[in-house]
Amino acid sequence: MDAREMKIKAAAAALAHVESGMRLGIGTGSTAEEFVRLLAEKVAGGFRVEGVPTSERTARLCVELGVPLKSLDELPALDLTIDGADELDAGLRLIKGGGGALLREKIVAAASERMIVIADESKLVDMLGAFALPIEVNPFGLVSTRIAIEKVAARLGLSGELALRQSGDGEFTTDGGHHIIDASFGRIPDAEALSSELNSIPGVVEHGLFINMAALAIIAGPAGVRTLQTNR
């Protein structure tokens with residue numbers, strides 16, 4: 001299987017967990033988009049679902065394919081969220097936010113009874129950190145926030161470039177109007193400690209460490225689909 005075929009296999013396995021009538025969080029990214037396409041086929045056949053998208057990009061695809069959408073204010077409690085990941089480990093700790101939607105992704109996941117992660121096996125790692133950690137920051141006080149992130153990293157023995165994400169001729173801006181600093185730490189031995197420290201920085205809106213959020217991961221590889229599960 002090529003990379004896209006693996007993503008489709010993972011998305012199809014996740015779709016088996018979706019029941020008609022569910023309130024569903026719908027994630028962002030290339031694997032999540034394969035899930036949307038498969039979901040749309042079922043909706044066209046009469047399957048009932050109400051979706052809350054985690055990004056404007058996902059919302060546009062859902063509208064184009066006919067997947068019914070609501071806002072999170074209209075559906076503040078969700079049954080299930082299905083989303084991709086940029087990295088995950090055996091404990092279902094995730095790095096998300098490569099597409100820039102991490103804040104909405106985390107809000108939607110937190111509003112859900114369960115979160116299922118879909119990914120190809122290249123995303124499964126022994127330790128998080130090879131994928132640069134996205135940190136969503138307020139544009140106000142950006143330099144001060146960056147210095148605070150550098151101090152946190154130093155306290156935890158982390159080093160690497162902190163790059164302000166660019167798009168076109170300027171800074172990348174999220175759907176919420178914020179910027180993203182991509183932190184290339186390489187390895188993050190204590191993701192929980194880093195999460196807590198980043199949360200204490202006022203200028204940090206959110207970060208891409210998703211810890212104790214995913215209940216199940218569906219991972220596709222050349223040999224087929226397998227699952228990782230927690231007690232959540």
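Which residue forms a salt bridge with Asp83? The partner is Lys96, and in this predicted model the closest N and O atoms of the two residues lie 3.0 Å apart. The pair joins distant parts of the chain: Asp83 belongs to strand β3 (residues 78–83), while Lys96 sits in the loop between β5 (94–95) and α4 (102–110), 13 residues apart. Asp83 has a relative accessible area of 0%, and Lys96 has one of 2%. Both values fall under the 20% cut-off, so both residues count as buried.

This salt bridge belongs to a set of 14 in the structure. Another one links Lys106 and Glu206, with the closest N and O atoms 3.0 Å apart. Here the two partners are 100 residues apart along the chain, with Lys106 in helix α4 and Glu206 in strand β12 (residues 204–207). Lys106 and Glu206 are both buried.

A further pair ties two helices to each other. Glu34 and Arg4 form a salt bridge whose closest N and O atoms are 2.7 Å apart. Glu34 lies in helix α2 (residues 30–44) and Arg4 in helix α1 (residues 3–15), and 30 residues separate them in sequence. Are the two partners buried or exposed? Glu34 is buried, because its relative accessibility is 8%, whereas Arg4 is partly exposed at 46%. The pair is also part of a network of salt bridges that links Arg4, Glu34 and Arg37.

The next topic is the residue marked in the database record. The unreviewed UniProt entry gives the annotation "active site" to Glu105. This residue is placed in helix α4. With a relative accessibility of 4%, Glu105 counts as buried. Setting aside residues up to four places away in sequence, Glu105 touches Thr28, Thr54, Asp83, Lys96, Gly97 and Phe210. That list includes Asp83 and Lys96, the two partners of the opening salt bridge.

Thr54, another residue that Glu105 touches, is found in the loop between β2 (49–53) and α3. Thr54 is buried, with a relative accessible area of 0%. Its side chain makes a polar contact of 2.6 Å with the side chain of Thr28, and Thr28 is also among the residues touched by Glu105. Apart from residues up to four places away in sequence, Thr54 touches Ile26, Gly27, Thr28, Asp83, Ala101, Arg104, Glu105 and Val108. A C-alpha distance relates Thr54 to a residue elsewhere in the chain: Val205 is 151 residues from Thr54 in sequence, and their C-alpha atoms are separated by 16 Å.

Glu136 offers a contrast to the charged pairs described above. This residue is in strand β7 (residues 133–137). Which side chain of opposite charge is nearest to Glu136? It is that of Arg104, at 7.7 Å. A salt bridge requires atoms within 4 Å, so Glu136 has none, although it is buried. The side chain of Glu136 does make polar contacts: one of 2.9 Å with the side chain of Thr174, and one of 2.9 Å with the side chain of His178. Once neighbours within four places in sequence are left aside, the contacts of Glu136 include Leu102, Leu103, His179, Ile180 and Glu206. Glu206 is the residue that forms a salt bridge with Lys106.

The last topic is the nonpolar interior. The largest nonpolar core has 27 residues, and those touching the most other members are Val18, Leu24, Phe35, Leu39, Ile82 and Ile118. The elements that each give two or more residues to this core are α1, β1 (22–26), α2, α3 (56–65), β3, β6 (112–120) and β14 (216–221). Helix α2 gives the most, with 6 residues. Ile118 shows how parts of the chain meet: leaving out residues up to four places away in sequence, its contacts include Ala10, Ala14, Phe35, Ile82, Asp83 and Ile218. Asp83 thus appears again, as a contact of Ile118, having already been named as a contact of Glu105 and of Thr54. Apart from the largest core lies another one of 23 residues, among them Val152, Leu158, Leu162 and Leu209.

Definitions and conventions
Residues numbered from 1 in each chain as written. Predicted model: local features only at pLDDT ≥ 70, side-chain atom pairs only at ≥ 80, totals over all residues. Heavy atoms only, no water. Helix = DSSP H or I, 4+ residues; strand = E, 2+ residues; numbered from the N terminus. Buried < 20%, exposed > 50% of the residue type's maximum accessible area, 1.4 Å probe, protein only. Core = buried A, V, L, I, M, F, W, Y, C linked by side-chain atoms within 4.5 Å. Contact = heavy atoms within 4.5 Å. UniProt positions renumbered as here; feature names shortened; annotations may be inferred. Lys, Arg positive; Asp, Glu negative; His and termini not counted. Polar contact = N/O pair within 3.5 Å; in protein donor to acceptor, adjacent residues only side chain to side chain.
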